[in-house]
Amino acid sequence: MPVLPKPEPHSHLDARARWALTAVALGAFCVQLDSFALNSALPVVRDALHGSATATPWVVSGYLLAAGSLMPLAGRLGDLYGRRRMLTAGLALFGVAAALCALAPSLPLLVAARVVQGAGGALIMPVGLALLTHACPPGRGRRAMGQALGLAGLATVCGPFIGGVLARSVSWRAVFWLTVPLVVVAAMGARRAAESRDPDAGASLDIVGAVAATGVPACLACWLEQVAAWGWAVGAVLLGALFVGAEWRSPAPLVDLALFRNRPYVALTVAGAIANSATVALWYVVPWTLQQAAGWSVRDAGVALVVPAGALAVGGPLAGRVRPAVAVPVMAACLAAAAVALAATATSRTGTPALLMAATVAAAVLGVAVGLALTGTQAVVRRARAGEASGVTKAVMTATAGAGLALTGAGAGGGTRPSLLLPAAVCLATGAALVLVLGLALALGRVRVRARARVAVSGGVGARGTGARRSDERRSSERPSGRRG
């Protein structure tokens, strides 16, 4: 188990660190905003571009697939060639692609531009978090990441509302024009941040590992969207086997397999993926309940969700204040509290304050859990390979986000009402598993301490006995052999 870094005093951020925080916060906001802003505006886009009902969802799916599948590669590129350089390149690519999306004359060109935009987003998120890890003093890095993730969380929730309002009152193209000036400011901030990279990295990139690492989350995400299509699951397994074999043989692997022996890292990543899926489920079910079951308008439902959205955004800064030594127990507590709140949301009367209160509590604890998955994993890995670690974590969380909708029963047909009971059960089971693992680790630790103590005591007695015998023999040899008469 890795040794956690000792806490250090929370020194103030210097100018370069503040520029890095500005760049990462604005970049993360734009990535999350464009991830969800078009969800409610897809019918408007389809009518404006005369697209088909089957191709239109790829405006969102193509973006998310590109972003999620390229994140492991993007994180390692930052470690190899410089995190500031890759973040600046990602912001530039994202901004240019956003302008192309706004100017797209047809649906196929819009989907293609969205894939390119997703590639830029893949560079922004993991590379940006790794840049912050190195730009800030150890005592301030987690808090800075928490602030950036809080702004990103606000965009996650407000994105559909902002996109719907702009699409119906101005144009769906305004959604993309909105992000262009923000990305320009973020790129200016990134240029003023301090550069960092992995000093032990080689000059070459693991191409086979990069291809396999890109394919695994893409296949996994496609399978979770269509669980009956087992071909995607088989593809993910085969590419995963290829990835493990390539990384095992490579002298400079894209992802060091020792990362998966880091128990706190694995626990926080898996739990963060569950929390992220539950968050997606929450923000699908609650608006659906307010609009479909209670008859609220889109505007009224959006206004009602302002408080839960604020609670989710606060979760990031709170996660940044959690010490690495207690990250896993806090994660378990957050998942348990989320399970209770999600279950209360599922059983509340529609359109009542009880529903919104339960949703607010669920959003707050899930916001802490999602933020903790990103800030906590950065604290338990080597700083030199921070980009690699954040890339893997973000890829897992993005690829499994669609599982949240599947757990609610969305798309089941037959007028089935989506429910949060199954996401609540998964959160509770994951929290219980974390507690069990912590208990076993604590028990094994005590057994090892006692065994070492017994060995030390027995070794000390044996050494003392041997020393005493040698001392007696030495005194006996020095003693006169007989008495004088």
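A residue counts as buried when its relative accessible area is under 20%, as exposed when that area is over 50%, and as partly exposed in between (1.4 Å probe, protein chains only). By that yardstick, buried residues make up 51% of the 485 residues in the protein. The model is a predicted one, so local features need pLDDT of at least 70 and side-chain atom pairs count only at pLDDT 80 or more, while totals for chains, interfaces and linings use all residues. Residues are numbered from 1 along each chain as its sequence is written, and side-chain values use heavy atoms, with hydrogens and water left out.

As for the overall fold, the protein has 17 helices and zero strands; these are DSSP runs numbered from the N terminus (helices: H or I, at least four residues; strands: E, at least two). Contact here means heavy atoms within 4.5 Å. Take the contacts between residues at least 6 apart in sequence: 84% of them join residues at least 24 apart. On the outside, the protein exposes about 22,300 Å², and carbon and sulfur atoms supply 67% of it. Accessible areas come from the Shrake-Rupley method with a 1.4 Å probe, and for residues only the protein chains shown count as cover.

Now for the charged side chains. Side chains of opposite charge can pair when their charged atoms come close. A salt bridge is a side-chain nitrogen of Lys or Arg within 4 Å of a carboxyl oxygen of Asp or Glu, and by this rule the count comes to two. Asp 79 takes part in both: the closest N and O atoms are 3.4 Å apart in its bridge with Arg 76, and 2.7 Å apart in its bridge with Arg 83. Arg 76, Asp 79 and Arg 83 are thus linked in a network of salt bridges. Arg 76 and Asp 79 sit three residues apart in helix H3 (residues 58-81), about one turn of the helix, and both are buried. Asp 79 counts as buried because its relative accessibility is 0%, and Arg 83 is buried too, with a relative accessible area of 1%.

Thr 214, in helix H8 (residues 207-225), is buried because its relative accessible area is 19%. Its side chain reaches the backbone oxygen of Ala 210 at 2.8 Å. Setting aside residues up to four places away in sequence, Thr 214 touches Ser 69, Leu 70 and Leu 73.

Leu 129 belongs to helix H5 (residues 107-135) and is buried, at a relative accessible area of 2%. If neighbours within four places in sequence are ignored, its contacts are Val 24, Met 145, Leu 149, Leu 374, Gln 378 and Ser 390. Ala 144 is 15 residues away from Leu 129 along the chain, and their C-alpha atoms are separated by 9.4 Å.

Back at the surface, Phe 161, Val 165 and Val 303 form a nonpolar patch with about 240 Å² of accessible area together. Patches are made of residues with over 30% relative accessible area and no salt bridge; like charges are joined within 9 Å, and nonpolar side chains (Val, Leu, Ile, Met, Phe, Trp, Tyr) within 5 Å. Val 165, part of helix H6 (residues 138-169), counts as partly exposed because its relative accessibility is 40%.

Last come the cysteines. With a disulfide taken as a pair of cysteine sulfur atoms within 2.5 Å, the count comes to zero. Cys 334 is buried at a relative accessible area of 10%, and Cys 427 is buried at 0% relative accessibility.

Note on methods
A polar contact is a pair of N or O atoms within 3.5 Å; within protein, one must be able to donate a hydrogen and the other to accept it, and residues adjacent in sequence count only if both atoms are side-chain atoms.
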